[in-house]
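Q: I'd like a close look at a single part here, followed outward into its surroundings. Start with the question below and keep it chatty.

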Amino acid sequence: MSQLPPHDDSDAPDAPDAFEEIVQAETGRDPDLAVIEAGSRTLRTQGAPPQGDGAAGRPKDPEVDKALRAVEQELMGRWPETKLDPSLVRIAALMDLLGEPQRAYPSIHITGTNGKTSTARMIEALLGAFELRTGRYTSPHVQSITERISLDGAPIDPERFIETYKDIQPYVEMTDSTQEHRLSFFETLTGMAYAAFADAPVDVAVVEVGMGGSWDATNVIDASVAVVTPIDLDHVERLGATAGEIAVEKAGIIKRAATVILAQQPVDAAQVMLKKAVEVDATVAREGMEFGVVSREVAVGGQQMTLRGLGGEYEEIFLPLHGAHQAHNAAVALAAVEAFFGIGAEQARTLDNETVRKAFASVTSPGRLEVVRRSPTVVLDAAHNPAGARAAAEAVTEAFSFSRLIGVVGTSGDKDVRGLLEAFEPIFAEVVVTSNSTGRAMDVDELAAIAVEVFGEDRVQVEPRLDDALEEAITLAEAEGEFSGGGVLVTGSVITVGEARLLLGRG
């Protein structure tokens, strides 16, 4: 592993008034946590970036594309991500046969409801800027399955993806033969990622859970840093009906003596996380207490921020992503990388401020308030639950000056569709409901019925095909003239956004 990066003592002043204010606000917001916090250790101090957008298209070589499709077909023949048998037995058996590749490198493990992928990308960019070789495992993908496994900030080459599958295939089949159920799609991909990282080899793996935490296939790693992004209601049929219940499952990634980087949470979720930290003697750093966003303002193409890290303050950070939620993701990512380098627990110092600036300026997150067309402006956002939709709606209002915004919405059938539509209702002049190409997509007529209840019949149009929906939305946005300031937001599902991205020529 590379040496610890050089530090910059000039950017580690005492906590400024602005940060004291957010500390006081956070303390007042969560008074019920005092007893738990008294029993936990909190993390305090005294005083090459990814290139491209990270979204992969189909291979240009027809033979490689054919081979990749064959692997995809084999993977899709297994249990899909939506079908679960909560257990680590199968993935643990595969890891044993592979020689425990996930233990060949340190790792940072990320759970939460929203913001996991963007946070993972930021962590990856920071680590890469400090000359560490990274492996990143995230899900779902926007355009190509190869995006899920990244090396050095870029999706794994299709040839390498195919080779990795072929390498582990005999061990996958051996595992299948000894288990009640075959390895699932996600379990097999997880095995591929861990094997690819070991083979590279990487200096550190950045791993996003698929769902939950305790029984998620990724949880065979022993991460020294556990990151928990904001917890909200999603997958309630599997994880629980309240943030606190969901947090019980997600707390399963916190390992003994690890460092926990905790984004701002509902009180019941924070209580669960802090109790788990006490049980396993983990060190906790909380957004709004040990680290946070000191200030932020809208800038051309993103936002300018001052972040308070575990070791001090980082000023003049430009992030080319929109929305307050992305600034909070950035604070979480920075704290996670500081904790990985031992800042806060072992050292009272900051990372090199200029390197941090360069890393954040390089961050991309396809399908997260991504502008893919101008005149009219078309924005893609993969919000698929009410919390994500609220964040996206606030960010669009802040970052863009649309006089008339048309929504294109295609959702999965197992989501809180009404809650999502209600979050967008104040900012959409009209909505075009549609469907993506997968079996998980909500029936367009059912979606339209809910949309009519939320928006009223006059503001809802139905286009079953996504290409037709995009064309109709662009026409509606242009209705008041070329310079009217109309725009289109495509949202509701990562799959819908990925397919729209391809249709609009960004893949």
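Which element gives the largest share of the lining of the second largest pocket, and how many residues does it give?

A: That's strand 13, with four residues. Before digging in: this is a predicted model, where local features need pLDDT of at least 70, side-chain atom pairs count only at pLDDT 80 or more, and totals for chains, interfaces and linings use all residues. Residues are numbered from 1 along each chain as its sequence is written, and side-chain values use heavy atoms, with hydrogens and water left out.

Strand 13 covers residues 368-373 (strands are DSSP E runs of at least two residues, helices are H or I runs of at least four, both numbered from the N terminus). The pocket that strand 13 helps to line holds about 370 Å³ of space. Here a pocket is an open set of points on a 1 Å grid over the protein atoms alone, with protein on both sides within 12 Å along at least five of seven lines; a cavity is a set where a 1.4 Å probe fits but cannot get out; and lining residues have an atom within 4 Å of a point. Points are joined across faces, edges and corners, and the volume is the space filled by probe spheres set on them.

The pocket has 21 lining residues, and Pro320, His322, Leu369, Glu370 and Val371 are the closest to its centre. Besides strand 13, strand 10 (292-299) also gives two or more residues to the lining. By class, eleven of the lining residues are nonpolar, five polar and five charged (Ala, Val, Leu, Ile, Met, Phe, Trp, Tyr, Cys and Pro count as nonpolar, Asp, Glu, Lys and Arg as charged, the others, Gly among them, as polar).

Now walk off both ends of strand 13. On one side, the loop between strand 13 and strand 14 (377-381) holds proline 376. The peptide bond joining serine 375 to proline 376 is cis, with omega about -5°.

On the other side, the loop between helix 12 and strand 13 holds proline 366. Its relative accessible area is 3%, so proline 366 is buried (buried is under 20%, exposed over 50%, partly exposed in between, with a 1.4 Å probe and protein chains only). The C-alpha atom of proline 366 sits 7.4 Å from that of valine 142, although 224 residues separate the two along the chain.

Valine 142 leads us to the largest cavity, as one of its lining residues. Arg368 and Pro140 are in that lining too, along with Thr117, Arg121, Arg136, Thr138, His141, Glu147 and Arg148. The space inside is about 70 Å³. Five charged residues, three polar ones and two nonpolar ones make up the cavity lining. Proline 140 has a cis bond as well: it is joined to serine 139 with omega about -10°. You'll find proline 140 in the loop between strand 3 (134-137) and strand 4 (149-151).

Back along the chain from proline 366 comes helix 12 (residues 353-361), whose buried residues are Asn353, Thr355, Val356, Ala359 and Phe360. Looking down the axis of helix 12, these fall within an arc of 160°, so they line one face of the helix (the arc is that of the directions from the axis to the C-beta atoms). They pack against helix 5 (116-129), strand 11 (302-308), strand 12 (313-319) and helix 11 (324-340).

Phenylalanine 360 ties this back to the pocket. Skipping neighbours within four places in sequence, its contacts (heavy atoms within 4.5 Å) are Met122, Leu126, Leu307, Ile317, Phe318, Leu319, Pro320, Ala330 and Leu334. Pro320, remember, is among the residues closest to the centre of the pocket.

Phe360 and Val356 also count among the members with the most contacts to other members in the largest nonpolar core, which has 45 residues; the others are Ile123, Leu127, Val227, Ile261 and Leu351. Such a core is a set of buried Ala, Val, Leu, Ile, Met, Phe, Trp, Tyr and Cys residues joined through side-chain atoms within 4.5 Å. Helix 11 gives this core the most, eleven residues.

One last stop is glutamate 316, in strand 12. Its phi is positive, about 55°, although it is not a glycine. With a relative accessible area of 54%, glutamate 316 is exposed.
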